[in-house]
Each structure stands twice: as C-alpha cells, then as structure tokens.
Amino acid sequence: MPVTPQPVLSPLTRAAIFLVLTIDEGGEDAVRDLLPDVPALQRAVGFRVPDGGLKCVVGIGADAWTRLFDAPPPPGLHPFRELAGPRHLAPSTPGDLLFHIRAGAPDLCFELATQLTARLAGAATVVDEVHGFKYFEMRDLMGFVDGTENPEDADALAAALTPADDPVHPESSYVIVQKYLHDLDAWNALPVEAQERVIGRTKLADIEIADKAPDSHVAVNTIVDADGEERQIVRDNMPFGTVGTREFGTYFIGYAADPSITELMLERMFVGDPPGRTDRILDFSTAVTGGLFFVPSLDFLDDPPGPPGAPPAAPPPAGTDADSTGDGSLKIGSLKGIPR
Ligand code: HEM
C-alpha cells in the first residue's frame, strides 16, 4: 500500500506559525488523540479559503516518542545536540512537539494554531511561538533572498523524505528548527560588498559569487559527498520580528531524510571545518533555540502504535461470537483445496 507523507514539500507560503510545545505530565493521551485528527483540522480550517494553501506538519521529539509510543524511536531521532564552537553556541532547547503551519495568509495559520492548542489545553504547553512572514522578494531581514538553492521536484523528494520502500518509516522526514536573532545595527553598518562576502551571493540580484569566501554562509553549507554528489536539505526559513523591542530574526527550518546532513551543516557553521573557520553569518545572528523532530507519514499519524506499557489486547472470553479459536483466524475455514 502506498504511504502518504505529511505536506513537508508544500510550496513556500507568505505566512507561517511555528509552535513548539512540551507535553505536560499526564498529557500523553490527549496528544495521542490529537495526532490522527490533525489532517482533518487542517481540512476544516483550510476548506473555508480554497486558495489559501493551508498546510500543517507535525513533528515529534525524541523524549516525547518514548512517552507516546510502544515502538522503537526512528533511527535518526535524538534530542538536538548542542554545539559549542570557539565563538558561537547552538543551544538545545525543550520541545516535544512541533507544528509547522503554513498558508498564504496569517489568518489561516492563526485559526489552525488556535484549534490545535485548544485540543491540547491542559495536556501540552507552548514553549516557543513564532509568527513568520515572507519579506519583500523572499528576502530575510538581513536583506538577502533566502531559499534560492532549495532542491526542487525529485531532488526535493529525495532530500526531504525517507524512501517509499523504507521498511519501518517510509515517506517520513526529520526536521531541525532554530530561532535566530540578528544584530541588524551591526549588519546594516557593513557595506553591501562586505555583506555579500558574508553570505556568498550578491544582494540585489541574488547571484552566487564564483570565488566566494570559504567562511561565507553558502560555502559553509555546500556539502559534497565522496561521490561528488551535493547533499541537500529542504529549507523554509521565515523572517519574524517586533519593531518595538527591535527583535529581528530568522526562523530556520530544515527538512531532511537523514538528519545527519543538517547536523553536519550545523557542525560546519558553529565549530568550523577546519575547526575555528565558522560561518560568518553567526557574527551577526545568534541561535536562541534548537530542536530536532521526527515527521512521520500521514498513515502513521492516522494509526500510531499503542502507548508504552499497554497490555497486549486481551483475547475475548471463550464461547463468545468473537474469535473463539483465539488464534486470530477469521473462521472462514481453510481455502486450501477449494477450486477457484
Ligand atoms: C543558503 C540565509 C541559517 C543552510 C542561504 C542563503 C541565505 C541564507 C540568504 C542564500 C540563498 C539560498 O540559497 O537560500 C540564512 C539565514 C540563516 C540561515 C538568515 C539564519 C540566521 C541556516 C542554517 C542552515 C542553512 C542553520 C543549515 C543547518 C543553508 C543551505 C543553503 C543556504 C544548505 C544553500 C547553500 C547552497 O547550496 O547554495 N541561507 N540561513 N542556513 N543556507 Fe542558510
């Protein structure tokens, strides 16, 4: 049977809400009840604005997995690993669930976020909430076009989703999120040419610089394996901010079939390769959160494994109409020898 992924690869949208929650003690059942209903809630809210493109992806953290399911965690799922480089820190912050809600307009995102959190009242606590928006010409608040080199079509599928024939978790993904705050005063004090050297692309026309600096953001995040193949992830970063408090940020979100690729990028950004050659973007951007989540398929959400420690289903009492053989047989007798 084909398995359907969550809408990981839905097109980039103008609005998004990123919700990270921790599950309260005893809240596991409410979370388990909600998971199969997420697609229906997305449909219910989204149907009212047919061209609104509302999509919701749910991610599950490593600690939550063992609290929710009587099943081994997916191989790449573990708590986000803090990275402490010579100058920069990528912190690991609490998070059991991630809701990545995207739409053409913020009202759709807001309504779905409200419905989801209402279902989790008393069961889970929102520990981080970011309302993102697309800025002019798909730029981040540092003024550069963000997302250009995202893989597309078959490349995006291969980069973001586990293979359809994965024996345990087909059509699934791993997502890493980090909230970054920018020092825009320092950034805007740089001449444009110096900013372009930091990013590795031109600012106005968004063209890759041929002889870019090895510590530029693009050079650090271009990973080529031993076979000469580029290892990619699928990003859907969003600017966010509040002018009154002068908080200006980028919410980084990267989906990968194999989280070690995103982790390698982070290692190169924060620790450096060679060590010490860290990403210049970090001299102007500070990571304040960090989380890793598994994104199971829709089929998994629809029918997740039982809760941990649940007793196996008891056989019905002998002599009832239900399976009185106790062997799981459908009691239609053997078909062997019956001509077809
Ligand atoms: C490229 C911005 C964090 C991975 C870019 C580009 C910009 C950008 C402007 C060039 C255009 C493009 O291809 O998208 C930012 C900002 C960040 C951030 C503002 C946060 C402060 C990250 C992080 C990762 C990452 C944390 C990985 C863990 C990449 C990759 C590319 C890229 C893979 C494409 C490189 C290529 O093949 O050309 N980013 N980024 N970025 N970024 Fe980031």
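Reply: Before reading any percentage of helix or strand, keep in mind that helices (H or I, at least four residues) and strands (E, at least two) are DSSP runs, numbered from the N terminus. The model above is predicted, and the protein chain in it has ten helices and twelve strands.

Me: With that in hand, how far apart are the end C-alpha atoms of residues 138–299, and how much of the span is helix and strand?

Reply: Residues 138–299 are 24% helix and 22% strand, and their end C-alpha atoms lie 33 Å apart. In the UniProt record, an unreviewed entry, this stretch carries the feature "domain: Dyp-type peroxidase C-terminal". The record also places "domain: Dyp-type peroxidase N-terminal" at residues 6–134, where the chain is 29% helix and 28% strand and the end C-alpha atoms are 22 Å apart.

Me: What does the C-alpha trace of the protein chain span along its principal axes, and what percentage of the residues count as buried?

Reply: The trace spans about 85 × 50 × 40 Å along those axes, and of the 340 residues in the protein chain, 47% count as buried.

Me: How should I read burial for a single residue such as R102: is it buried or exposed?

Reply: The cut-off is what matters here, since buried means under 20% relative accessible area and exposed means over 50%. R102 counts as buried because its relative accessibility is 2%. This residue has its place in strand β5, which covers residues 97–103.

Me: Which partners does the side chain of R102 reach through polar contacts?

Reply: The side chain of R102 reaches the backbone oxygen of V8 at 3.1 Å, and it also makes a polar contact of 2.8 Å with the side chain of D236.

Me: Where does A30 sit, and why does it count as partly exposed?

Reply: A30 belongs to helix α1, residues 28–34, and it counts as partly exposed because its relative accessible area is 24%. Separation in sequence can be set beside separation in space for this residue as well: A30 and T125 are 95 residues apart along the sequence, and their C-alpha atoms are 12 Å apart.

Me: Turning to the ligand, which of the residues around it come nearest?

Reply: There are 27 residues around the ligand, and G147, T148, E149, H217 and R235 come nearest. One oxygen contact involves G147, which has a polar backbone atom 2.5 Å from an oxygen atom of the ligand. For T148, a backbone N or O atom lies 3.1 Å from a ligand oxygen, while for E230 a side-chain N or O atom is 3.2 Å from an oxygen atom of the ligand.

Me: Which elements give two or more residues to the shell around the ligand?

Reply: Those elements are β7 (173–182), α8 (217–220), β10 (247–256) and α9 (259–270). The largest share, four residues, comes from α9.

Me: How many residues of each class does that shell have, and what kind of space does the ligand take?

Reply: The shell has ten nonpolar, eleven polar and six charged residues, and the space taken by the ligand is the largest pocket.

Me: As a last case, is H182 buried or exposed, and which side chain is joined to that of H182 by a polar contact?

Reply: H182, whose place is in strand β7, counts as buried because its relative accessibility is 10%. A polar contact of 2.7 Å joins the side chain of H182 to that of T250.

Notes:
Residues are numbered from 1 along each chain as its sequence is written. This is a predicted model: local features need pLDDT of at least 70, side-chain atom pairs count only at pLDDT 80 or more; totals for chains, interfaces and linings use all residues. Side-chain values use heavy atoms; hydrogens and water are left out. A residue is near a molecule or strand if one of its heavy atoms lies within 4 Å of it. A polar contact is a pair of N or O atoms within 3.5 Å; within protein, one must be able to donate a hydrogen and the other to accept it, and residues adjacent in sequence count only if both atoms are side-chain atoms. On a 1 Å grid over the protein atoms alone, a cavity is a set of points where a 1.4 Å probe fits but cannot get out, and a pocket is an open set with protein on both sides within 12 Å along at least five of seven lines; lining residues have an atom within 4 Å of a point. A molecule sits in a cavity or pocket if more than half of its atoms lie within 2 Å of its grid points. Ala, Val, Leu, Ile, Met, Phe, Trp, Tyr, Cys and Pro count as nonpolar, Asp, Glu, Lys and Arg as charged, and the others, Gly among them, as polar. UniProt positions are given in the numbering used here, feature names are shortened, and annotations may be inferred rather than shown by experiment. Buried means under 20% relative accessible area, exposed over 50%, partly exposed in between (1.4 Å probe, protein chains only).
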